[in-house]
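Student: I should like a close look at a single part of this structure, set in the context of the whole chain. Please give one connected account.

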Amino acid sequence: MCRSIKTLRPPALPEEATEDEIRAAALQFVRKVSGFRAPAVHNQEVFDRAVESIADATAELLAGLEVRGQAARRAAG
């Protein structure tokens with residue numbers, strides 16, 4: 001696990017993750033998997049597509065997760 005990727009769901013975050021936080025986590029994941037901090041010009045397009053795909057999948061995952069007790073906390077807040 002990449003240590004710089006943080007948990008993006010409550011209760012780790014007090015509110016829903018922002019698009020910037022989701023994209024940053026996706027970028028860290030792609031960097032870790034590819035082994036490149038910044039891709040060469042000839043790899044930039046595939047690198048960027050991977051970040052976008054992972055960010056989309058992450059947003060979908062977070063939107064679909066049901067965190068126990070979260071609804072009760074929202075109602076009380």
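Tutor: The account below turns from the chain as a whole to helix 2 and its packing.

This is a predicted model, in which local features need pLDDT of at least 70 and side-chain atom pairs count only at pLDDT 80 or more, while totals for chains, interfaces and linings use all residues. Residues are numbered from 1 along each chain as its sequence is written, and side-chain values use heavy atoms, with hydrogens and water left out.

The chain contains three helices and zero strands, in the order α-α-α from the N terminus; helices (H or I, at least four residues) and strands (E, at least two) are DSSP runs, numbered from the N terminus. Of its 77 residues, 23% count as buried, where buried means under 20% relative accessible area, exposed over 50%, and partly exposed in between (1.4 Å probe, protein chains only).

Helix 2 covers residues 44-64. Its 21 residues reach 30 Å from the first C-alpha to the last, close to the 30 Å expected at 1.5 Å a residue; the expected span is 1.5 Å times one less than the number of residues. The buried residues of helix 2 are F47, V51, A55 and T58. Seen down the helix axis, these buried residues fall within an arc of 70 degrees, so they line one face of helix 2; the arc is that of the directions from the helix axis to the C-beta atoms. An α-helix has 3.6 residues a turn, so residues three or four places apart point the same way. On the face turned away from the buried side, helix 2 carries the exposed residues E45, D56, E60, A63 and G64.

The partner of this buried side is helix 1, against which the buried residues of helix 2 pack; contact means heavy atoms within 4.5 Å. From helix 1, the buried residues I22, A25, A26, L27 and V30 pack in turn against helix 2.

The largest nonpolar core has 12 residues in all, among them F47, V51 and A55. Such a core is a set of buried Ala, Val, Leu, Ile, Met, Phe, Trp, Tyr and Cys residues joined through side-chain atoms within 4.5 Å. In the largest core, helix 1 and helix 2 each supply at least two residues, and the largest share, five residues, comes from helix 1. I5 and L8 also belong to this core, and A25 touches both I5 and L8, not counting residues up to four places away in sequence.
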